[in-house]
Amino acid sequence: MNLNSLLQTFSTVDFQNDLIEWFSKEQRDLPWRKDQDPYKVWVSEIMLQQTKVDTVIPYFNSFIEQFPNIESLANAEEERVLKAWEGLGYYSRARNLQAAVREVHEVYRGVVPNNVKDISSLKGVGPYTTGAILSIAYGIPEPAVDGNVMRVLSRILLIREDIAKPKTRKIFEEVIREIISKENPSFFNQGLMELGAIVCTPTSPSCLLCPVREHCRAFHEGEQNELPVKTKKKSTKQVNLVAGVFFDEKGNVLVQQRPENGLLAKLWEFPTVERVVELETPKQQLQRFMLEENGINVEVEDYICDIQHVFSHLVWNINVYVGKVNGTFENSTIKAVSREKQELLPFPVSHQNIWKEVQKYK
DNA sequence: TACGCGTGGTG
DNA sequence: TCACCAAGCGT
């Protein structure tokens, strides 16, 4: 792909002006657009990774209320941060964000770096987020290539590279470096993303409303529905689980914390075991798991329901039981918590749903 | 490079 | 109903 020939007949300055004028006029009123505080831009960009604007808005408002600046987030308990993230998904974003904010607090005296080298070295800040923060908060003309930008530019410039391939992003970064507005890189980058979000959508783009359609080669060729080229990924696998909601005499409930790494890291859940032994009933397997893995003698009582939870890459099918635990126990990763304490712990949505069903049953 | 990592909305 | 999507990053 030759950059010069690609841009030979492209009116870069006219395109910049049309895009920036449209964004100035039509941009949505969003809470992270009230100012250019680098911290708030940063938080919003992390939350927006793979997540819709409408989903992020309430989380952003609540998060900024609880952690209004670098210092407050740096000093917060990790569990409070995860609780603020509860339900938003991709929880490593929250832990990486706090780790990075602590580094900014300690190493950079609380000032978010304004250069590529330092900011891209922070945990959770990749090529896209680097460009987004530098352009939006600091007005530095760096590319911020996300899925929107690749879709919009693949149509405008008729680029047929597969946007599912990691190396394709580099092609778009090269293109952006050539055509980005040096005067207003913030509105240029945001304009491309906003256009992708509300006009140049994945299916049935609104070309007749598009402010840059006269620059769009796909529109001229009638190919807007064929682009971008994006190969599919393969399907999800099924995992069968058994979960128990166990109460002690005081009404406390047993919970366990998930491992530090991997799926739903460090979130809390009701004791759960993968169902692999088909010779045993789910009830028997749960009983044995509690005794042999945790040294806790429980009485599994009633079956409550099945909960299915669909992730991006796998499906959980959970058999849910309630039961009792007698006396005390020790030397275990599992602990009994009061209702008040339970409400402070971050739970994945699947186990929030388990709790709801148990409440219905009681 | 390919895959693991969440969730809620949509046609 | 279900495959696919939405402002990616780490390994």
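I136 touches Q36, V41, E45, S186 and Q190, not counting residues up to four places away in sequence; contact means heavy atoms within 4.5 Å. I136 is found in helix α9. This is a predicted model, in which local features need pLDDT of at least 70, side-chain atom pairs count only at pLDDT 80 or more, and totals for chains, interfaces and linings use all residues; side-chain values use heavy atoms, with hydrogens and water left out. Residues are numbered from 1 along each chain as its sequence is written, while chains are lettered from A and ligands numbered from 1 in the order in which they are written.

**Two buried helix residues**

- I136 is buried, at a relative accessible area of 9%. Buried means under 20% relative accessible area, exposed over 50%, and partly exposed in between (1.4 Å probe, protein chains only).
- I136 and T281 are 145 residues apart in sequence. In space, their C-alpha atoms are 56 Å apart.
- N189 lies in helix α12, residues 185-198. Helices (H or I, at least four residues) and strands (E, at least two) are DSSP runs, numbered from the N terminus.
- N189 is buried too, because its relative accessibility is 2%.
- A polar atom of the N189 side chain lies 2.9 Å from the backbone oxygen of E142. A polar contact is a pair of N or O atoms within 3.5 Å; within protein, one must be able to donate a hydrogen and the other to accept it, and residues adjacent in sequence count only if both atoms are side-chain atoms.
- N189 touches G131, S135, E142, P143, A144, I176 and I180, leaving aside residues up to four places away in sequence.

**DNA strand C**

- 25 residues surround DNA strand C. The closest are Q50, G124, D146, N148 and P202. A residue is near a strand if one of its heavy atoms lies within 4 Å of it.
- These residues divide into nine nonpolar, eight polar and eight charged. Ala, Val, Leu, Ile, Met, Phe, Trp, Tyr, Cys and Pro count as nonpolar, Asp, Glu, Lys and Arg as charged, and the others, Gly among them, as polar.
- Sugar or phosphate supplies 69% of the strand C atoms within 4 Å of the protein; the rest belong to bases.
- A backbone N or O atom of Q50 is 2.5 Å from a phosphate oxygen of strand C.
- An N or O atom in the T129 side chain lies 2.7 Å from a phosphate oxygen of strand C.
- The elements giving two or more residues to this surface are α3 (38-48), α9 (127-138) and α10 (147-156).
- For R28, a side-chain N or O atom is 3.4 Å from a base nitrogen of strand C.

**Backbone geometry**

- Most residues other than glycine have a negative phi, and most peptide bonds are trans.
- Y90 has a positive phi of about 45 degrees. Y90 sits in the loop between α6 (78-85) and α7 (92-107). With a relative accessible area of 46%, Y90 is partly exposed.
- K266 has a positive phi near 70 degrees. K266 lies in the loop between β2 (253-257) and β3 (268-269).
- A cis peptide bond, omega about 0 degrees, joins L227 and P228. P228 is in the loop between α13 (217-221) and β1 (237-247).

**Helix α16**

- The buried residues of α16 are S350, H351, I354, W355 and V358.
- They lie on the same side of α16, because they cover an arc of only 140 degrees around the axis. The arc is that of the directions from the helix axis to the C-beta atoms.
- K356 and K360 are exposed on the other side of α16.
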